[in-house]
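Colleague: Could you take me through this model, please?

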Amino acid sequence: MTTLPATHPLLRDVTRALDLAIARPTPDGTLALNLPVPSWLARLWPYATTTIARDASLFLDDFLTQAEVHWASAAPQPLWSEPWTESGPDGGEVVLEAAAMTAQGQALLLLRQAQTSAEDTRHVLQESRSQALEMRRLMHEVNKREVLLHCIIHDLSTPLAGIKGSLTLLQQDQLVDAEGDELLAIALRQTERLQTQIRDVVRDFARDVKAVLPTLTSNEAPADIHEIAADALQAIRPIAEPRQVALALDADGHAPWTVRGDAGQLARVLQNMLDNALRFTPPNSTLTVRLSQTDAEIQVGVLDEGPGVAPQLQPHLFDRFSQGDRDAGTAGLGLFFCRITVERIGGHVGYRDRPGDGACFWFTLPRTSP
Amino acid sequence: MLTASSMQKKVCLLGASAVGKTSLVSRYIRGIFSERYLTTIGVKIDKKTVEVDAQAVDLLVWDLNGEDCFQRLSMNYLRGAAGYVLVADGTADDTLDKALTLYHRATGTHGAVPAVLLLNKHDLKEEWTLSAGQIEALEADGWTLFFTSAKTGENVDEAFAYLAAQTLHMN
């Protein structure tokens with residue numbers, strides 16, 4: 001076998017291509033460098049043109065103790081160090097690894113920038129992807145809970161508004177004696193306190209929630225939308241009456257009004273729209289639920305006599321966290337909930353201005369098969 | 001240049017990733033703190049000369065990569081260590097288990113040497129999840145604890161000084 005001298009052009013080209021530094025230990029304790037010196041080595045130790053002092057690197061100084069044992073053993077396999085981070089005089093850092101080996105009876109030290117093994121890469125990728133999948137699953141769970149939380153808040157606040165309205169009517173109409181009136185005042189204060197707390201929760205909820213992709217489960221048995229509308233109007237009567245808002249159901253009571261969908265969720269959709277309308281309809285006006293139908297679908301309209309919705313806000317009314325003028329002080333999830341619920345059933349939601357003043361929020365629902 | 005006559009002590013920082021090992025070293029060696037998190041690859045070694053019992057000691061501080069699901073700590077780094085600085089993050093109590101596990105692996109591989117346990121991020125005390133019960137249990141097990149903050153510098157010098165003295169007394 002032909003022995004190549006350390007300065008042979010072939011060796012020089014190979015070390016340059018591999019970006020390696022090759023050094024030989026010398027009797028004076030320094031490391032003599034084979035030329036050329038890689039650029040990263042020149043950055044770390046600018047003074048090291050032909051030799052590196054043993055203590056140029058605290059790690060190298062430590063590793064050379066093991067290397068000397070390894071060279072003395074003349075073991076054929078190189079001894080690789082663990083990677084370490086070295087700082088240069090400019091503050092720049094380079095991650096290095098070293099190998100002690102013996103070749104042609106000559107002790108050598110190889111230095112190179114640390115490599116990432118395929119095994120390490122696979123390990124990191126595997127862990128990263130597993131965690132990404134777990135994160136996605138958790139986000140899905142969080143999203144579901146967020147929507148459910150909204151529904152719970154809504155279910156708490158709507159009857160509370162009814163209770164407050166009823167208490168107000170009792171108080172205004174002087175239907176109780178003086179002692180009862182005092183108790184009524186306490187009940188009203190506590191009700192208002194609860195409403196404030198719920199509003200606080202809603203406010204924080206709207207601020208914290210980042211993404212909501214609902215996957216609500218439901219019972220999509222046939223439901224009677226006429227009955228649901230009548231119940232919904234009855235439920236808001238205690239809120240509407242103190243404001244002198246009349247309630248009306250405009251529908252043929254003898255026609256079949258059966259739709260496909262979960263009765264509880266449809267009631268919540270209608271209540272959301274009624275709550276929304278009630279906030280903006282003026283005193284001495286009428287709030288109407290109008291039912292109409294075609295062969296394929298039933299349309300439900302909630303009509304108020306308020307100021308309507310500004311044209312620039314209309315395209316975003318059913319977006320998540322939409323908080324236009326009409327939704328001030330709410331989470332902006334009510335109409336979003338209406339849309340996702342109705343669309344999941346196969347219907348549509350929308351808004352149109354009424355001739356003159358007023359707003360009409362509507363949704364359609366597929367009819368059940370005869 | 002380091003000479004054979006120099007009194008050198010190698011101390012290694014052990015702990016989970018992101019508990020503040022590098023920040024503690026940065027505070028101890030350079031007296032600075034940065035909020036920026038930069039993960040350690042392998043090891044970075046710094047040296048600080050301290051005085052113990054009127055004797056100068058070169059403390060070689062090995063700031064090792066933290067161990068987590070992405071990166072395992074090689075026990076090869078710990079060869080010749082005279083002491084361990086275990087670091088746990090008080091705001092993440094699971095990092096205490098990791099620090100203790102690493103300590104047991106280290107002593108199992110290289111034998112027992114003095115160690116201190118730093119409960120770090122004490123400046124965020126109100127966010128700590130480490131319970132009083134856990135801390136009492138550590139004290140009952142004989143651990144020398146330091147409540148540290150790389151951010152404020154609280155107890156950082158004291159912890160290293162204590163360990164340096166312990167390593168010297170082991171001679």
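Modeller: The following turns treat chain A, a pair of its helices and then the cores.
This is a predicted model, in which local features need pLDDT of at least 70, side-chain atom pairs count only at pLDDT 80 or more, and totals for chains, interfaces and linings use all residues. Residues are numbered from 1 along each chain as its sequence is written, while chains are lettered from A and ligands numbered from 1 in the order in which they are written.

Colleague: How many helices and strands does chain A have?

Modeller: Chain A has eight helices and 14 strands, taken as DSSP runs numbered from the N terminus (helices H or I, at least four residues; strands E, at least two).

Colleague: At what angle do H6 and H7 of chain A pack?

Modeller: Helix H6 (residues 225-240) and helix H7 (residues 263-280) of chain A pack at about 40 degrees, their axes 9 Å apart. H6(A) and H7(A) are therefore oblique to each other (under 35 degrees is roughly parallel, over 145 roughly antiparallel, 65 to 115 roughly perpendicular, and the rest oblique).

Colleague: Which residues make that contact?

Modeller: Among them are A:Ile228 and A:Ala232 of H6(A), and A:Leu270 and A:Leu274 of H7(A); contact requires C-beta atoms, placed from the backbone, within 7 Å.

Colleague: On to the cores: which residues does B:Val85 touch?

Modeller: Leaving aside neighbours within four places in sequence, B:Val85 is in contact with B:Val11, B:Leu13, B:Val116, B:Leu118, B:Ala159 and B:Leu163.

Colleague: And what share of chain A is buried?

Modeller: Of its 370 residues, 27% count as buried (20 or more other C-beta atoms within 10 Å of a residue's own).

Key
Axes fitted to C-alpha atoms, helices over the stretch in contact; angles between N-to-C directions. Contact = placed C-beta atoms within 7 Å. Buried ≥ 20, exposed ≤ 12 C-beta atoms within 10 Å, placed from the backbone.
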